[in-house]
Amino acid sequence: MAWTVFSTRCCSALDREGRARRRLLRAAAGALLLAPLQRLAQAQAAQPQWRVALVDDALVVDARVPLQLPAAVHDALLRGVALTFVWQLEVRRPLWYWTDRQLLRAQRWVRLAYQPLTQRWRVSVHEADATNPALQRSLDTLDDALALVRSSQRWRVPLPQPLHADDQILLAFELDSGRLPRPLQWWPGADQHEPLGWRTALPAAVALATEDRL
């Protein structure tokens, strides 16, 4: 009888060990399957993505760009220096007898600041012709704040006249360094970092076709 009890306990221990081993194998297999997806997501986050569509006589811009702050700029934020980034949209029409004609130029400013008392990050978006911010958000982490700063969602810019297929659309995002304190405009090692900006040019035919790239 004692031998029977001992045998039952041994089998139970083996069963538990087998189940634990199977769980580990399933977890390892899941990690192997997720790894390529994670690498793909990281690669996509490191590349600019954009969409410009023509909707009811206006250009609607959705874009996400990579943004990583150098250590000196990050430290300045923690000391209370606010950063201002600029989104800029231009439409130019090529002229064979003269320089390109600028049909449209629109800007929006995104201000990022740290609030030491609440230990939160403040993001506000200002349109060129508006006195009040179009958007204000308080966020818990810098990563969340940067995700909002580097994204332009449903930015609607009215067109003064119809687009031609050969018009050029210029879209840019950059740090407004002119609003920084002068010492920070040339922080140590600034020449070793990529500029805090991004720009692209595309034919207006893309917007006319409302091609979705985002």
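**Figure 1. The six-strand sheet.** Two strands count as paired here if DSSP finds at least two bridges between them. By that rule, this predicted model has an open sheet of six strands, in the order S6-S5-S4-S3-S8-S9 and with antiparallel pairing. Strand S6 (135-139) and strand S9 (197-203) are the edge strands, each pairing on one side only. From one strand to the next, the twist averages 10 degrees. Helix H2 (residues 71-78) packs on the sheet and touches strand S3 (83-93), S4 and S5. The direction of H2 makes about 65 degrees with that of S4.

**Figure 2. S4 and its two partners, S3 and S5.** On one side, S4 pairs with S3 in the antiparallel sense over 11 bridges. If you want a residue pair to find your way by, take Thr-84, whose bridge partner in S4 is Arg-111. On the S5 side, eight bridges join S4 to strand S5 (residues 120-127), and these two also run antiparallel. Two rungs to look for are Leu-112 with its bridge partner Val-123, and Ala-113, which stands opposite Arg-122. S4 and S5 form a hairpin with four residues between them. Check the turn for Gln-119, which has a positive phi of about 55 degrees.

**Figure 3. Gln-107, a buried polar residue in S4.** Gln-107 sits in strand S4, which spans residues 101-115. Is Gln-107 buried or exposed? Its relative accessibility is 18%, and the cut-off for buried is under 20%, so Gln-107 counts as buried. Its side chain makes a polar contact with the side chain of Gln-88, at 2.7 Å. Leaving aside neighbours within four places in sequence, Gln-107 is in contact with Val-86, Trp-87, Gln-88, Glu-127, Ala-128 and Trp-155.

**Figure 4. Asp-167, a buried acid in a loop.** Asp-167 lies in the loop between strand S7 (151-158) and strand S8 (168-175). Its relative accessibility is 0%, so Asp-167 counts as buried. What does the side chain of Asp-167 make a polar contact with? One partner is the side chain of Arg-93, at 2.9 Å. The Asp-167 side chain also reaches the backbone nitrogen of His-164, at 2.8 Å. Setting aside neighbours within four places in sequence, the residues in contact with Asp-167 include Val-91, Arg-92, Arg-93 and Pro-94. Leu-103, Leu-202, Pro-203 and Ala-204 are also in contact with Asp-167.

**Figure 5. The three-strand sheet.** The model also has an open sheet with the order S1-S2-S7, again with antiparallel pairing. Strand S1 (49-54) and S7 stand at the edges with a single partner strand each, so one side of each has no neighbour in the sheet. Ignoring direction, neighbouring strands of this sheet are turned by 10 degrees against each other on average. S1 and strand S2 (residues 58-64) pair in the antiparallel sense over six bridges. One rung worth a click is Arg-51, which has Asp-62 in S2 as its bridge partner.

**Figure 6. The largest nonpolar core.** This core has 45 residues. Which residues touch the most other members? They are Leu-59, Leu-69, Trp-87, Leu-89, Leu-112 and Ile-169. S4 gives the most to this core, with six residues. As background, nonpolar side chains tend to be buried together in soluble globular proteins. Across the protein, 33% of the 214 residues count as buried.

**Figure 7. The whole chain, and where to be careful with it.** The protein has five helices and nine strands. Along the sequence they follow the pattern α-β-β-α-β-β-β-β-α-β-β-α-β-α. Of the contacts with a separation of 6 or more, 63% come from residues 24 or more positions apart. On confidence, the protein averages a pLDDT of 77, and 68% of the residues score at least 70. Among the elements, helix H1 (residues 2-45) has the lowest mean pLDDT, at 52, and helix H3 (residues 142-149) the highest, at 94. Over residues 1-10 the pLDDT is below 50, and this stretch has zero contacts in the model beyond near neighbours in sequence. Residues 188-193 are also below 50, with two contacts beyond near neighbours in sequence. Where pLDDT is low, the predicted coordinates should not be read in detail.

Definitions and conventions. Residues numbered from 1 in each chain as written. Predicted model: local features only at pLDDT ≥ 70, side-chain atom pairs only at ≥ 80, totals over all residues. Heavy atoms only, no water. Buried < 20%, exposed > 50% of the residue type's maximum accessible area, 1.4 Å probe, protein only. Polar contact = N/O pair within 3.5 Å; in protein donor to acceptor, adjacent residues only side chain to side chain. Contact = heavy atoms within 4.5 Å. Axes fitted to C-alpha atoms, helices over the stretch in contact; angles between N-to-C directions. Core = buried A, V, L, I, M, F, W, Y, C linked by side-chain atoms within 4.5 Å. pLDDT = per-residue confidence, 0-100.
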